[in-house]
Amino acid sequence: MDGKLMQALQYNRYGGGPADLKHVEVPIPSPKKDEVLVKVEATGLNPVDWKVQKGALRPFLPRKFPFVPATDVAGEVVGVGPGVEAFKIGDKVVSMLSTMAGGGLAGYAVAQVKLTVKRPHEVSAAEGAGLPIAAQTALQALRDAAGIKLDESGKAANILITAASGGVGHYAVQLAKLGNTHVTATCGARNINFVQSLGADEVLDYKTTEGSTLKSPSGRKYDAVIHCTTGIPWSTFEPNLSENGKVIDITPGPSALLTFALKKLTFSKKQLVPLVLSPKDEKLEFLVNLMKEGKLKTVVDSRFPLSKAEDAWAKIMEGHATGKIIVEP
């Protein structure tokens, strides 16, 4: 691959949105120790991608410009770095690229072995590319933060999932229903049937009075809320929580962190738990296996070729995707 060029999209500064994504030809990267080179077959976009471009994590990310965004890829191993024994050339994989390095919107990407898993033939590239950030976030929120056992062996729990038709939400509904749960979900009116089809027991249109108060139609109190949107105050959640109910906030802002601190200080049994994803290959492998077994699916909102990836970028910025937005070479 040395000296060969590939197509990629990059931006050179903060801000600018889709218009600032430039199509370039850059050298194909080389895998270093404990890395593999992946020929990208599909890339999943996430809201964090455009938020980084906007400057939400400056000065930490991007580490340097120009920057090739996106981290969630599926493809085929075409090169292995020194010390790599778990993968060989020709393996189909799903990988979460380093957040610092990015590189997903390109023909080839370098992936760390520790965040790469094999992809069985039952899982398409597009389905696999949806998983790394969104499905791992849903899994961590339900299994680790809310303590839901995803094999129906735990005690019955009432769960609320907000923005249930989005990237994280649509995985959260499916995963929650693998446990012993009753799932109430919120989404826009056009997605009610879709969210029901994922397994939700009750679905609220968030724009109606009932939806905005988050009250369960069957009068249940929630043991856990997987909160996948923003702009809902603690005061809306609190009356709907069971005695030890938790709100697990996947995009915690300053007010969420303040609420978290206050609840801790006052020894409140009701807690707000800010969630920061800690990606791990065992989580990714668990999700890929569920998909192989037909217990989890990626719903693809739309697909865009790499040559039109700026249109995919504009779509993810709008924030109304049903499921995942996928870019393919």
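Leu214 is buried, with a relative accessible area of 3%. Its phi is near 65°, a positive value in a residue other than glycine, and Leu214 sits in the loop between α6 (209-213) and β11. Bear in mind that this is a predicted model. Besides that spot, there's an open six-strand sheet to look at, plus two helix pairs that cross at roughly 100° and roughly 95°.

**Backbone oddities**

- As background, most residues other than glycine have a negative phi, and most peptide bonds are trans.
- Asp34 goes against the phi habit too: its phi is near 60°, a positive value, and it isn't a glycine.
- You'll find Asp34 in the loop between β2 (22-27) and β3 (35-44).
- Is Asp34 buried or partly exposed? Asp34 is partly exposed, at a relative accessible area of 36%, while Leu214, at 3%, is buried.
- Arg58 and Pro59 are joined by a cis peptide bond, with omega at about 5°.
- Pro59 belongs to the loop between α1 (47-54) and β4 (72-80).
- Another cis peptide bond links Phe65 to Pro66, and here omega is about -10°.
- Pro66 is also placed in the loop between α1 and β4.

**The sheet**

- Six strands make up an open sheet with parallel pairing, and the order across it is β10-β9-β8-β11-β12-β13.
- At the edges are β10 (202-205) and β13 (271-274), each of which pairs on one side only.
- Going from one strand to the next, the twist averages 20°.
- What holds β9 to β10? Strand β9 (residues 181-187) is joined to β10 by four bridges, and the two run parallel.
- If you want one pair to click on, take Thr184, whose bridge partner in β10 is Glu202.

**Helices on the sheet**

- Helix α3 (residues 131-145) lies across β8 (157-161), β11 (222-227) and β12 (241-249), and runs at about 150° to β12.
- Helix α4 (residues 167-176) packs on the sheet as well, touching β8, β9 and β11.
- The direction of α4 makes about 170° with that of β8.

**Where α3 meets α9**

- The axes of α3 and helix α9 (residues 281-292) come within 10 Å of each other and cross at roughly 100°.
- That crossing makes α3 roughly perpendicular to α9.
- On the α3 side, the contact uses Leu131, Pro132, Ala135, Gln136, Leu139, Gln140, Arg143 and Asp144.
- Facing them from α9 are Glu282, Lys283, Leu284, Phe286, Leu287, Val288 and Met291.
- Sorted by class, this α3 and α9 contact has nine nonpolar, two polar and four charged residues.

**Where α1 meets α10**

- Helix α10 (residues 309-318) and α1 have axes that come within 9 Å and cross at roughly 95°.
- How are α1 and α10 oriented to each other? With that crossing angle, α1 and α10 are roughly perpendicular.
- From α1, Pro47, Asp49, Trp50 and Gln53 make the contact, and from α10 it's Trp313, Ile316 and Met317.
- By class, the contact of α1 with α10 counts five nonpolar residues, one polar and one charged.

Note on methods:
Residues are numbered from 1 along each chain as its sequence is written. This is a predicted model: local features need pLDDT of at least 70, side-chain atom pairs count only at pLDDT 80 or more; totals for chains, interfaces and linings use all residues. Side-chain values use heavy atoms; hydrogens and water are left out. Two strands pair if DSSP finds at least two bridges between them. Axes are lines fitted to C-alpha atoms, for helices over the stretch in contact, and angles run from 0 to 180 degrees between N-to-C directions. Contact means heavy atoms within 4.5 Å. Angles under 35 degrees count as roughly parallel, over 145 as roughly antiparallel, 65 to 115 as roughly perpendicular and the rest as oblique. Ala, Val, Leu, Ile, Met, Phe, Trp, Tyr, Cys and Pro count as nonpolar, Asp, Glu, Lys and Arg as charged, and the others, Gly among them, as polar. Buried means under 20% relative accessible area, exposed over 50%, partly exposed in between (1.4 Å probe, protein chains only).
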